[in-house]
Amino acid sequence: MTPRPSVVVIGAGLSGLAAAWELSGGATESPDAPRIEVLEAAGRVGGPLVLGELGGQAVDLGPDGFLARRPEARTLIEEMGLADDLIDIGASGASLWLRGQLHPIPRSLALGVPASMAPLRELGGLSWRARAAAWRDRVAPRALPVGDDASIGEIVRAKLGDEIAANVVEPLVGGIQAGRIDDLSAAALLPGLLAAAQRGGSLLRAMAAGAPSPVPSGAPGPAFHSLRGGLGTLPLALADRLDSRGVVVRTATTVQAVRRVTGEHPLVVETAHTATPADAVVVATPAPVTAALLGSWDPDLAALGSVAYAAAAMVSASYPEAMAALPAGTGVLVPLGTPWAGGGTMIVTALTFLDRKWEHLRQPGRALVRAHVGRSDDQRYAAFDDEHLRARVADEVALLLGWSARPTEVHVQRFLPGLPQYRVGYLDLVARARAAAARGGVDLAGSTYDGVGIPAAIGSGRRAARAARARLAERR
Ligand SMILES: Cc1cc2nc3c(=O)[nH]c(=O)nc-3n(C[C@H](O)[C@H](O)[C@H](O)COP(=O)(O)OP(=O)(O)OC[C@H]3O[C@@H](n4cnc5c(N)ncnc54)[C@H](O)[C@@H]3O)c2cc1C
């Protein structure tokens, strides 16, 4: 009897766990699955997905929802038999803090870049100059030669002016990525914007005229889903299911090297105490770790070490305020450089109203508010200890929401390395790295490659697993 091949997955974030799920058969456990071992450096699985308790309820201290229009997360949850735990977001819309006030964000700006003048007329807090700059794009557009990629900031500044770039696109697009639109790649993050810019002429007209638009299609149904017990239950449940399929998931196990060898198995995965022979390896670690593990194989893999990350923190708090006291919608976005009364600028980049988003968390007389801090070029929060951070965030929340309440319970959760920054030229960098890894018999997975976000991470892991399976089939 031929021995079962062996696959090692490095990293038990969602992409690594999803890779193991796919390798073990996906929807239906496969009797022909290889031996699968998942090695995770941290003491728990799930990467940034982490559960805590606030006001006696389980609450996500990390990611709390995922985009509904991408199928990967929902499909996995259904395959795991958890469809009944799926919940829909209970609110929509958000506000933008401009000129010392909250302004509702027009719905057609949901993904950050205007496709017409209408949302810019509707959005309060913009100066007449900002609107005039956008209007000029329609009547006398500025020329901007655009090649295969450009930064989102370069396009928006040239076409719609600096104020719309700083006060609209930066908080809506840069904020989600915890980065700066002047660095972020339009090709990777907003291909519709790049296509519109490449057409030349008016950006607003090009986007309105049907260049693939970053504005959502208006498909029916909720925009986001979560799980009733918190999204942090997903990696735990997945690790359980994998365990029952015979997949070994080892936490507190840091991989130190992956070596190509000659012999029965082409690869060996090394930790401080073990050397595991493998027929295929899926590397689902953050880019700098992947570069450290594989960089000596090929300069294109070493180049992953240049991927910048934006560390971030989330301060989740319970306030003794009725939720009705909160502005409508799911939260608030704060532009970079917003002045702070205590001197300098605000550190909070966004607020999320957790119990507005997720109905099961609602309780009378209290509100669960999460503040986000940390951008690629604003790491001031990292110098604050938790107590200092709680106090500063509570002061900024009080200003943003116009209330004097202090939180009764607070959790500070810090995220390292944080979010990968898809900078200009990113697609080329990751395509080369992926090809180099494949030449070495290894597949790469995770938010470095196929987009940041839970569905993207799951899709990425499953894609890498399919490539690994195909590799095993070829070797037979
Ligand atoms: C603060 C924050 C908020 C977010 N909010 C949302 C949200 O609300 N909705 C959404 O859809 N997405 C959100 N995201 C994005 C989403 O969480 C990620 O894209 C996704 O979880 C990434 O999964 P991954 O498997 O690629 O990486 P990770 O989850 O980072 O997994 C990589 C794993 O590799 C392990 N590892 C590292 N080095 C080694 C080693 N040497 N050996 C073994 N293991 C190692 C790490 O410990 C980690 O567990 C958020 C991300 C962050 C950081």
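**Close-up 1. Around the ligand in this predicted model.** Start with the pocket residues: the ligand is surrounded by 34 residues, and the closest are Gly 11, Gly 13, Gly 47, Pro 63 and Gly 446. If you want to find your way by secondary structure, look for α1 (14-23), β19 (409-420) and α16 (454-475), the elements that give two or more residues to the shell around the ligand. Sorted by class, that shell comes out at 19 nonpolar, 13 polar and 2 charged residues. Domain 1 (6-47 + 233-307 + 423-475) and domain 3 (309-420) each put at least three residues into the shell.

**Close-up 2. Where domain 1 touches domain 2.** The domain assignment splits the protein into domain 1 (6-47 + 233-307 + 423-475), domain 2 (108-208) and domain 3 (309-420). Measure between the C-alpha centres of domain 1 and domain 2 and you get 37 Å. The contact takes in 6 residues on the domain 1 side and 9 residues on the domain 2 side. On the face that domain 1 turns to domain 2, there are 4 nonpolar residues, 1 polar and 1 charged.

**Close-up 3. Leu 17 and the largest nonpolar core.** This core has 148 residues, and the members touching the most others are Leu 17, Ile 152, Val 281 and Val 282. Zoom in on Leu 17 and skip its neighbours within four places in sequence: what is left in contact with Leu 17 is Ala 12, Val 38, Val 45, Pro 235, Leu 238, Ala 239, Leu 242 and Gly 461.

**Close-up 4. A sheet of 3 strands, β5-β9-β6.** The sheet is open, and its strands pair antiparallel. β5 (66-67) and β6 (86-88) sit at the edges with a single partner strand each, so each has one side with no neighbour in the sheet. For the pairing of β6 with β9 (residues 224-227), count 3 bridges, again in the antiparallel sense. A handy spot to check by eye is Ile 87, which stands opposite Ser 226 in β9.

**Close-up 5. The β12 to β13 hairpin.** Here β12 (residues 267-270) and β13 (residues 275-278) run antiparallel and are joined by 4 bridges. The hairpin gets from β12 to β13 through 4 residues. To line the two strands up, pick out Leu 267, which faces Ala 278 in β13.

Notes. Residues are numbered from 1 along each chain as its sequence is written. This is a predicted model: local features need pLDDT of at least 70, side-chain atom pairs count only at pLDDT 80 or more; totals for chains, interfaces and linings use all residues. A nonpolar core is a set of buried Ala, Val, Leu, Ile, Met, Phe, Trp, Tyr and Cys residues joined through C-beta atoms within 7 Å. A residue is buried if 20 or more other C-beta atoms lie within 10 Å of its own, exposed if 12 or fewer, and partly exposed in between; C-beta atoms are placed from the backbone. Two residues are in contact if their C-beta atoms, placed from the backbone, lie within 7 Å. Domain bounds come from an automatic or database domain assignment. Ala, Val, Leu, Ile, Met, Phe, Trp, Tyr, Cys and Pro count as nonpolar, Asp, Glu, Lys and Arg as charged, and the others, Gly among them, as polar. Two strands pair if DSSP finds at least two bridges between them. A residue is near a molecule or strand if its C-beta atom, placed from the backbone, lies within 6 Å of it.
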